[in-house]
Amino acid sequence: MRRIAVLNQKGGVGKTTSTVNVAAALARQGKRTLVIDLDPQAHATLHLGLMPGRSGPSMYESLTDNLPLEKIKKTVAPNLDVCGSHIDLAAAEVELISMVGREMILRDLMAPEIKNYDYVLMDCPPSLSVLTLNALCGAGEVLIPLQAHFLALHGLSKLLETIHLVSKRVNRELKVAGVVVCMYESGTRLGTEVVEDLDTFFDKRRNNTAPWADAKVFKSKIRRNIRLAEAPSFGQSIFDYSPTSRGAEDYASLCLELVGLQVPEREEIATPDDPPLIIKTEPDEDSVPVAKTTQKPESVKQPEQLPIVSRPAPAPMVYQRPDIAQVVPKPHVMAPKPAPAERETSWTFVTE
Ligand SMILES: Nc1ncnc2c1ncn2[C@@H]1O[C@H](COP(=O)(O)OP(=O)(O)O)[C@@H](O)[C@H]1O
Ligand SMILES: [Mg+2]
């Protein structure tokens, strides 16, 4: 059984979306898969179509009362079970604090399930808390979702340090499987630069004994796709909600890579689903005139269906790549995306 903690202490980077959709993809491949929702926000539980609290006991009861996972898990699709969360789980943090061996509770709870599953995916909260430590002690691997933006690497060192400590002190098996880039803006220079920075980051820190010695930046990047953002409110994975979307394509590809299969090559193009950010990478000497920042870099292909609506541009945002990547920081200027005209923006009523 592969036990994968999906972890990044930052919120909103794609942990829950990746947990749910990778799990759904694995289940569709015939792998017996269990999702353990360790986030009190219970987003994975909701995303998989369960109402937190209404479907019986949850991870809170398991962790605090030692209730076997068997008693709380629910089957939500063929080959796909979930141990749900509930806001009560936030209290477990406090209740567990005085307990001896509190980081090992989940590992012990998972032991009887080893024979029942091929994959267990743990959706972690956006913190390095007792719940996260339980995931790290119970996991064999860590999958790190990371949002492709200019502060992408910020916090990665801290995360790796925690993983290193856990691997040294309590879980020697623990390895970093890799980083998956989420909300990737295909066809933009920023997206490419984030991936380059990640490669540099890992290459500079590789040593044979580190848990990230074999970590990779997954070739399958998860492009920004509105269907992925819509699916949770329908309680469905992307494969049920929009099987032909780019989100489904990307997560199916990531699943193949995770199980060690060949991923089909694909052309990287900007698409109407993924309107590119308009970025200017070279800084101007003085202040940057707004008009200049709205020029498209040549590498960005602008989709024909999305004419740029002319409107007064707000002041540009000036930022730098994080020095954590130890590359010469290049100042960037980013202007907001052009407003997509004639595009469905109300996701509540979207039909495909
Ligand atoms: N590739 C994507 N394209 C568009 N929206 C996404 C994508 N991945 C995640 N989202 C949306 O971004 C938000 C944060 O993602 P989520 O997976 O909940 O992050 P986390 O679990 O790290 O907090 C959610 O609303 C989710 O639907
Ligand atoms: Mg989440």
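**Helix H1, ligand 1 and helix H8: a quick tour**

Let's start at the end of a helix. Right after H1 comes Gly30, and its phi is positive, near 90°. Keep in mind that this is a predicted model.

Now H1 itself. The helix has 14 residues. At 1.5 Å a residue, they should span 20 Å. The end C-alpha atoms are 20 Å apart, so the length agrees. Is H1 enclosed or open? Of its 14 residues, 13 are buried, so the rest of the structure largely encloses this helix.

H1 also takes us to the ligand. There are 17 residues around ligand 1. Which come nearest? They are Lys15, Thr16, Thr17, Leu228 and Ala229. Two elements give two or more residues each to this shell: helix H1, residues 15-28, and helix H10, residues 226-230. The largest share, three residues, is from H1. What about the chemistry of the shell? Eight of its residues are nonpolar, seven are polar and two are charged.

Next stop, helix H8, residues 156-169. This one also has 14 residues, with an expected span of 20 Å. Its end C-alpha atoms sit 20 Å apart, which agrees.

Which residues of H8 are buried? Leu156, Leu160, Ile163, Val166 and Ser167. Look down the helix axis, and those buried residues fall within an arc of 125°, so they line one face of H8. Here is the rule behind that kind of pattern. An α-helix has 3.6 residues a turn, so residues three or four places apart point the same way.

Turn to the other side of H8. There, Lys158, Glu161, Leu165, Lys168 and Arg169 are exposed. Note the leucine in that group: Leu165 is exposed, whereas Leu160 is buried.

What covers the buried residues of H8? The cover includes H7, strand E6 (141-147), strand E7 (175-182) and helix H9 (189-205).

Let's zoom in on H7. This helix runs over residues 130-138, and Leu133 lies in it. Why does Leu133 count as buried? Because 22 other C-beta atoms lie within 10 Å, and the cut-off is 20 or more.

And what does Leu133 touch? Leaving out residues up to four places away in sequence, it touches Glu103 and Val166. Val166 we have met already, as one of the buried residues of H8. One last distance. Leu133 and Leu106 are 27 residues apart in sequence, yet their C-alpha atoms are 9.4 Å apart in space.

Conventions
Residues numbered from 1 in each chain as written. Chains lettered and ligands numbered in written order. Predicted model: local features only at pLDDT ≥ 70, side-chain atom pairs only at ≥ 80, totals over all residues. Helix = DSSP H or I, 4+ residues; strand = E, 2+ residues; numbered from the N terminus. Buried ≥ 20, exposed ≤ 12 C-beta atoms within 10 Å, placed from the backbone. Contact = placed C-beta atoms within 7 Å. Near = placed C-beta within 6 Å. Nonpolar A, V, L, I, M, F, W, Y, C, P; charged D, E, K, R; others polar. Expected span 1.5 Å × (residues − 1). Arc of directions from axis to C-beta.
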